[in-house]
Amino acid sequence: RAGAAGLPAPPRLTRDPDALAEAIVREGITLWSSVPSLFRLVESRLGDHSLRIIQLGGEALPADLARRWAGRARLFNLYGPTETTINATTFEVPPGFDGDELPLGEPWPGVQLCVVNAEGEAAEDGELLIGGVGLADEALGLTHARINGAPWHRSGDRVVRVGGALLYRGRLDRQLKLRGQRVEAGEIEAALRQLPGVHDAVAIVIDGALWGGVEGALPEAAAARLGERLPAAARPRLVVLSPLPRTTRGKVDEGAVRERLAAQLKAEEAPQQGAQATGDDWPARLRAAWTATLGGPPRSDDDDFFASGGDSLAALRLFEHLKPPPGLRPLTIYRCPRFGAYLMAVTASAATVSPVAAPERLQGPVPPVVAGFLLAEALDPSRPAQWSARFTLRGGYTDEAVQAALGVIFARHPTL
């Protein structure tokens, strides 16, 4: 028994770095455990904190983050696949650390590590096998390698042993890791090839953003069709790259695809970089923030942040890059996920006196809590009202005027 109290962070906190940092300081939190990308969002807001232990895992720990916190608290780099009950190794970053790479560290008590080559022989450079306690049961459908009759999990991770330390060198298969989640490139490509008009496809990651390059033509509502086949973490941003570069053997050349897509994105960003502005030029600022967060610019006002590869952590990064006006909260992107709708919300939040003319209706989905209220009312109109206030508008008015008025209300009252 440790004798300490745990404080699980509810979703509303993990989506708001300011509120999360305030809670850490207010509650006197001493131990933090998360993926590095979430901690990076709150570290600059902590001020006079009480953190003594910081555990970061689920994705690679950036060396610059480790250098900043080495010595300020006990900092641990954790590694381990889900199949080994999350964590298998740990490395405590020493005070004064100034390196460019962090080792995986030592195995936890009862955990065994083994590095093998393609022939299954012990090697200094090869696949990391994990055995011992914590291994997921083969009854769940997992297949483990066996050495002297004992099961070992094949991690699919390539490691090298340098001076006795294990260093991570990427995946041996085509699994991609995004924000702590593993996705199969082959599964994404198969879903892309099922789209009408697509002849071939490739899934790659560039600067932390998942892209789906297709050969052929994208059909209408391609993102919505992918949403029916792929989980949110595996939905790529789409780009046409016809024809896809290929090797002399006819296979898609991923290296050439990466170079071509990077050059294409750079060309698209160049005019926008020249148009970037500070101050009240919110369209340019939001476009720049969108590009920095998702790895590419919005193609239209209908671009959906989450359908383009964004998630809750990316939403926080967008908020960070934007440096929004007072009154706009990180949760606004969930109400207005499309670029045009979110821009309208940003502009409305920046308004102080005059209502902002709304260029179009908000296109975000109805929040689940509101949908629940509406459903309950539709099923039983005789039930007591579920709303603290409700208004019926009569007479002459326009949708644009109502939308602009609501925008000003939201800007002045963030809790709405």
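Here are three short exercises on strands and salt bridges, each with a worked solution.

This is a predicted model, where local features need pLDDT of at least 70, side-chain atom pairs count only at pLDDT 80 or more, and totals for chains, interfaces and linings use all residues. Residues are numbered from 1 along each chain as its sequence is written, and side-chain values use heavy atoms, with hydrogens and water left out.

**Exercise 1.** Find the edge strands of the sheet that has the order β1-β2-β3-β4-β5.

*Solution.* Strands here are DSSP runs of E, at least two residues long, numbered from the N terminus. Two of them pair if DSSP finds at least two bridges between them. The five strands form an open sheet with mixed pairing. Its edges are β1 (31-34) and β5 (106-107), each pairing on one side only. Now look at β5: two bridges join it to β4 (residues 89-93), antiparallel, and T89 sits opposite P107.

**Exercise 2.** Work out which parts the E101 and R169 pair ties together.

*Solution.* Start with the contact: their side chains meet in a salt bridge at 2.3 Å, N to O. (The rule: a side-chain nitrogen of Lys or Arg within 4 Å of a carboxyl oxygen of Asp or Glu.) E101 lies in the loop between β4 and β5 and R169 in β10 (residues 165-171), so the pair links parts 68 residues apart in sequence.

**Exercise 3.** Decide whether R193 and D200 are buried or partly exposed.

*Solution.* Buried means under 20% relative accessible area, exposed over 50%, partly exposed in between (1.4 Å probe, protein chains only). R193, at 38%, is partly exposed. D200, at 13%, is buried. Their side chains form a salt bridge (2.8 Å, N to O).

Methods:
Helix = DSSP H or I, 4+ residues; strand = E, 2+ residues; numbered from the N terminus.
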